[in-house]
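Student: Can we go through the charged pairs and the sulfur link in this protein together? I'd like to see how each answer is reached.

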Amino acid sequence: MIALLLIGCIGGIPLTDEQKAHVQTLADEARAANEPLEAARKQALVAARGHIGPRPDLGGCPVVVPRPTDTDSGSFADEGVTFAMSTAPISVVAAADLERADGPRWDRVQNAIVNDVEAMLIGAYRAEDYAEVEAKFDAAKRLTDARWIPVDATFIADAYLPPVVGADSFTSGAVSGRFYVWDYATGAIVCAATARAENSETLGVHLHLTEEGGIVGAKSDADRDLYRNVVRAALDSLSVAGPAVFLVGP
């Protein structure tokens, strides 16, 4: 916002009414194009439990899944329901919350529409030149293309033991579940994994004062570490997704 205001103060090119109408059309088209993609992804992930799983016997994952950095702090979205990685289109969500959680691509599309497209409708917005306006229009049009983010992935937590963070003590948490890679070109789950992870042996957390005057560590920091660990574990064991196979012992 500060940058936009500064541009407005020093000059620049304002959008015409016709261009503003075009901006709104681009935003509407991006939402309309992506809502069905998100609905199909969500429906498939909800239906996958017990039916779709990793099939290493069929080969390794055939698509490239962007890997988050080891320091990716991520963010809690959807009022805390979803944990979204920052450096890769990957999210973590509890199985019970899957139907109301935004997917990784859809989350990024919505942010791009608001911050990169509709931001041009702010009264103080000024472009440096006409080439900037056209570049922003082209970028907005790309949001309607499924290839903008061709695959995303979601770890669905079926079991979760919360970490406990005290002022000078820490009890590791644990999480286990399923990891699915969704391919927007084919509209299908193409890779899968099952994974389990615990917190790292050492981790940094923010300390906060309680209402009673005590000190407590931020559980969100411990959850971030836990979710990073389980995402890495899932990525390390990815294989082709296929009909689930259940092995029955003697």
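**Salt bridges and a disulfide**

Student: Let's start with one residue. Is D158 buried, partly exposed or exposed?
Tutor: Keep in mind that this is a predicted model. The relative accessible area of D158 is 33%. Buried needs under 20% and exposed needs over 50%, so D158 counts as partly exposed.

Student: Which residue does D158 form a salt bridge with?
Tutor: Side chains of opposite charge can pair when their charged atoms come close. For D158, the closest N and O atoms of the pair are 3.6 Å apart, and the cut-off is 4 Å. The partner is R49.

Student: How many residues apart in sequence are the parts that D158 and R49 tie together?
Tutor: D158 sits in strand β5, residues 151-161. R49 is in the loop between α2 (17-48) and β1 (52-54). So the pair ties together parts whose separation in sequence is 109 residues.

Student: R55 and D57 form a salt bridge too. Which of the two is buried, and which is exposed?
Tutor: The closest N and O atoms of R55 and D57 are 2.7 Å apart. D57 has a relative accessible area of 54%, so D57 is exposed. R55 has a relative accessibility of 14%, so the buried one is R55.

Student: Where does R232 lie, given its salt bridge with D70?
Tutor: The two side chains meet at 3.5 Å, N to O. D70 is in the loop between β1 and β2 (75-77), and the pair ties together parts that are 162 residues apart in sequence. R232 lies in helix α5, residues 219-236.

Student: Which residues are joined into one network by salt bridges that share partners?
Tutor: Here we look for bridges that have a partner in common. Such bridges join three names into one network: E38, R41 and K42.

Student: How many salt bridges does the count come to?
Tutor: We've met a few, among them D158 with R49 and R55 with D57. The count comes to 13.

Student: Now the sulfur link: which residues form the disulfide?
Tutor: The structure holds 1 disulfide. Its sulfur atoms are 2.0 Å apart, and the cut-off is 2.5 Å. The pair is C61 and C191.

Student: How many residues apart are C61 and C191?
Tutor: C61 is in the loop between β1 and β2, while C191 is in strand β9 (residues 188-198). The disulfide links distant parts of the chain, and the separation is 130 residues.

Student: And is C191 buried or exposed?
Tutor: C61 counts as partly exposed at 22% relative accessibility. C191 has a relative accessible area of 0%, so C191 is buried.

How values were computed. Residues numbered from 1 in each chain as written. Predicted model: local features only at pLDDT ≥ 70, side-chain atom pairs only at ≥ 80, totals over all residues. Heavy atoms only, no water. Helix = DSSP H or I, 4+ residues; strand = E, 2+ residues; numbered from the N terminus. Buried < 20%, exposed > 50% of the residue type's maximum accessible area, 1.4 Å probe, protein only.
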